[in-house]
Amino acid sequence: ATAVLYLLLSMDPFWLLTLVTQGLLSLTEPGMTGEKIESCESFFVAATPALFEADLTRDVSSTVQCKQEGVKNCRAVTLNLEYLESTVNPGDSVDFISGTDLSMKLRRAPSGSPTSTLSYSFSLSDGGEATVTVRPNKGKDSGPSVYASIKPITGTVLYSVESCGQGCNVLYERDLGFFNQFED
């Protein structure tokens, strides 16, 4: 208790007032409009889901996709298929992959067939674009096959996602100028 009192007394008065005010607001039952607050969730904006998550259970370093010329930072990823199939609507945003500040906004409803292949078109938060093509592989143990091209305007890399078979998908990077070294 003494340590807490010392901490409070040594704080900047503005921050102390802010903490006390927030504490008092959280102790009151009605919201600002007089409505009863059913849960704390109404006070917080839900975190934006990520479209891809790193899959640390797979070693993909020896896959053909990761051994291509110019490929860097190749890693296994999983697709948030449930979000794509049941939650996302045109205009909704999703983070590209956890740990990055690049978000993607769905431009329009996906094209294709839910039983075979769906193609999603995204605009990126930096003005770039992305296309994600998914074969859901419903009813199979293998999981979805994903092919994607993510082209940010900012930064120095292009991102690609490719299926490596049996539910395995890899995300890799290439330097923006990699293909400039080849002649037509």
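Select Lys 72 to begin, and colour the chain by solvent accessibility if your viewer allows it: in this predicted model, Lys 72 has a relative accessible area of 43% and is therefore partly exposed. Now add Asp 175 to the selection, since Lys 72 forms a salt bridge with this residue, the closest N and O atoms lying 2.8 Å apart. Lys 72 belongs to strand β2, which covers residues 72-79, while Asp 175 belongs to strand β10, which covers residues 168-175, so the pair ties together parts of the chain that are 103 residues apart in sequence. Asp 175, like its partner, counts as partly exposed, in this case because its relative accessibility is 32%.

Stay with these two strands and select Arg 75 and Glu 173, whose side chains meet in a salt bridge with an N to O distance of 3.6 Å. This pair too links distant parts of the chain, with Arg 75 in strand β2 and Glu 173 in strand β10, 98 residues apart. Glu 173 has a relative accessibility of 14%, and because this is under the 20% cut-off, Glu 173 counts as buried.

For the next stop, select Glu 129 together with Arg 107, which form a salt bridge whose closest N and O atoms are 3.7 Å apart. Here Glu 129 sits in strand β7 (residues 129-135), whereas Arg 107 sits in the loop between β4 (103-106) and β5 (111-112), and the two are 22 residues apart. Glu 129, at 40% relative accessibility, counts as partly exposed, and Arg 107, at 38%, is partly exposed as well. The pairs visited so far are among the four salt bridges that the structure holds.

Turn now to the cysteines, where the count comes to two disulfides. Select Cys 66 and Cys 74, which form a disulfide with their sulfur atoms 1.8 Å apart; the angle about the S-S bond is -60°, and the link is left-handed. Of this pair, Cys 66 counts as buried at 12% relative accessibility, while Cys 74 counts as partly exposed at 22%.

Finally, select Cys 164 and Cys 168, which form a disulfide with their sulfur atoms 2.0 Å apart, again a left-handed link, with -65° about the S-S bond. Cys 164 is partly exposed, with a relative accessible area of 23%, whereas Cys 168 counts as buried at 6%. To close the tour, display the bonded cysteines together and number them in sequence order along the protein chain: the pairing then reads 1-2, 3-4.

Conventions:
Residues are numbered from 1 along each chain as its sequence is written. This is a predicted model: local features need pLDDT of at least 70, side-chain atom pairs count only at pLDDT 80 or more; totals for chains, interfaces and linings use all residues. Side-chain values use heavy atoms; hydrogens and water are left out. A disulfide is a pair of cysteine sulfur atoms within 2.5 Å. Buried means under 20% relative accessible area, exposed over 50%, partly exposed in between (1.4 Å probe, protein chains only). Helices (H or I, at least four residues) and strands (E, at least two) are DSSP runs, numbered from the N terminus.
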